[in-house]
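This report describes the surroundings of a bound ligand and of one arginine residue. The sequence and the structure are shown first.

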Amino acid sequence: MGRVVVIGGGFAGMASAARLAKLGHEVTLVEQMPQLGGAMGTVEQDGFTWDAGPSTTLLPAVVRDLFRKTGRPLEREIDLVQQPIMRTHHFQDDTSVALPGGSRAAQIDALDGLGAGLGDQWAAYVEGFADDWEAIRRDYLERPWVPEIASKETSARIFTREMMAKRVKKSFKDDRLRLLAAHPFVFEGHDTRDVPAWMGMASYVEQRFGAWTIEGGFGRLSGVLAQRLATRKVNVLTDTTVSDIVVRSGRAAAVATSAGELDADVVVCAGDPRRIPTLAPFVRRTMPAIPPVVCHLGLTGDVPDLPAESVFHGDPLIVVRTGGTAPDGGKAVTIFGRGLLAEDIVLGLVRKGINLRPFVEVRVDRSPRTQVEQWGGSPMGVLWQGRSTLKERLSSTTPVPGVYSAGAHTNPGAGIPYVGLSAALVAQEIGPA
Ligand SMILES: Cc1cc2nc3c(=O)[nH]c(=O)nc-3n(C[C@H](O)[C@H](O)[C@H](O)COP(=O)(O)OP(=O)(O)OC[C@H]3O[C@@H](n4cnc5c(N)ncnc54)[C@H](O)[C@@H]3O)c2cc1C
């Protein structure tokens, strides 16, 4: 039986640990915080609960596969529900569109409301990623990336010089459609001039499979996964920080932690490798993508009705998500901001036409710095700096024998679906005990 130590108990670490335990390994998961979940956790205060990070996921099949491969299926544990309207986008010219997920026809209908023919333009743009999705899914997302066995065609797609900004500009004359297409990357802190064009397949995935959430908050998934780890007899050490990986005779032999050394035949790094001295030299050219400014509000009184997610374009970009839980008569709301936040974000939202100030009962502010310090790295992973980023961030196998990498800092990247896929890839690489 192989002794595996997993560094970091976010979604990536928990998913890797559960899969490897099911494959017969003796798994220890080391998490520096008092609780598991990382960004997929919750923030709680005065009876209100908010999602600390993700509130929806694309590709629900990734989460379903994790549960099916490690024990009882997901639907026996928790309901993943489709969010019919993914986001309501508000533009600076006072027009807006409620963008549905999971349906080409519904997207065309909604976007035609912005201007005749825009629905078809959007559908053609999205359809343009169908072949990217098929090739990249097969060679890059569902099996470890091996350039020698990937088709030439997939390599050419992955390493294209075409960046998102160019594709978007070429595809649309209407600025609002450009903003719509670029939004997922801008929200994650990237400059679309540095994001490869094929990443736009996120729009294809949204249109085809929709966005999925969990009643009461996405963070509930962490609790369910923690139970799965207990079922699979994973040894979970919380409040324990990993300072390095110990290499002996050229391969991983142990993990140095604040509670002493843990022997290991295999190590999975599911945190920021820049913080682990053994791995840091291999990622020295990467930079983190910084999380947004986050402000959780507990509201009471006659609070205006808000959709699940509202996006207010402009500088600053402000995103408002409802969800989480509140005491009777209250509402939990989270505001995210990027860009020119020269004033308080709640006031910034007033300028976008939504005044929540009279209803604020509880407020928890979390700056990008607080988040990065708390999680020992950015859950947004590595900043896109062009196509070279694919080679400069780690993949599931690393240059150190016996050390594997999963999570936001690893190919295929940040976000619940990609992070979940990275755990599946690590389990494929390591194999049964
Ligand atoms: C504000 C925000 C909103 C987001 N919204 C969405 C969304 O709606 N949909 C979506 O798909 N994605 C979203 N994301 C991205 C998504 O949350 C992350 O990509 C994903 O959760 C990252 O998981 P991870 O396990 O790789 O990393 P993390 O969640 O960062 O987990 C890393 C864990 O490792 C621990 N750790 C780090 N270093 C050490 C060490 N040396 N020793 C011990 N433990 C260590 C940390 O404490 C942490 O628990 C959002 C992220 C943020 C910040």
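## Polar contacts of the ligand

In this predicted model, an oxygen atom of the ligand lies 2.8 Å from a backbone N or O atom of Ala-39. Two arginine side chains also approach the ligand: an N or O atom in the side chain of Arg-275 is 3.1 Å from a ligand nitrogen atom, and a polar side-chain atom of Arg-321 lies 3.1 Å from a ligand oxygen atom.

On its own, the ligand has 1000 Å² of accessible area, of which the protein covers 96%.

## Composition of the shell

Two or more residues of the shell around the ligand are given by each of α1 (11-22), α12 (368-375) and α14 (416-430). The largest share, three residues, comes from α14. At the level of domains, domain 1 (3-40 + 218-283 + 378-430) and domain 3 (293-373) each supply at least three residues.

There are 34 residues around the ligand, and those that come nearest are Glu-31, Ala-39, Pro-379, Gly-415 and Ile-416. By character, the shell divides into 18 nonpolar, 13 polar and three charged residues.

## The environment of Arg-176

Arg-176 is placed in helix α8 (residues 175-187). Is this residue, Arg-176, buried or exposed? Arg-176 counts as buried because its relative accessibility is 12%, which is under the 20% cut-off.

Leaving aside residues up to four places away in sequence, Arg-176 touches Phe-91, Asp-93, Thr-95, Leu-114 and Leu-118. With Thr-95, the side chain of Arg-176 forms a side-chain to side-chain polar contact of 3.2 Å.

How values were computed:
Residues are numbered from 1 along each chain as its sequence is written. This is a predicted model: local features need pLDDT of at least 70, side-chain atom pairs count only at pLDDT 80 or more; totals for chains, interfaces and linings use all residues. Side-chain values use heavy atoms; hydrogens and water are left out. A residue is near a molecule or strand if one of its heavy atoms lies within 4 Å of it. A polar contact is a pair of N or O atoms within 3.5 Å; within protein, one must be able to donate a hydrogen and the other to accept it, and residues adjacent in sequence count only if both atoms are side-chain atoms. Accessible areas come from the Shrake-Rupley method with a 1.4 Å probe; for residues, only the protein chains shown count as cover. Helices (H or I, at least four residues) and strands (E, at least two) are DSSP runs, numbered from the N terminus. Ala, Val, Leu, Ile, Met, Phe, Trp, Tyr, Cys and Pro count as nonpolar, Asp, Glu, Lys and Arg as charged, and the others, Gly among them, as polar. Domain bounds come from an automatic or database domain assignment. Buried means under 20% relative accessible area, exposed over 50%, partly exposed in between (1.4 Å probe, protein chains only). Contact means heavy atoms within 4.5 Å.
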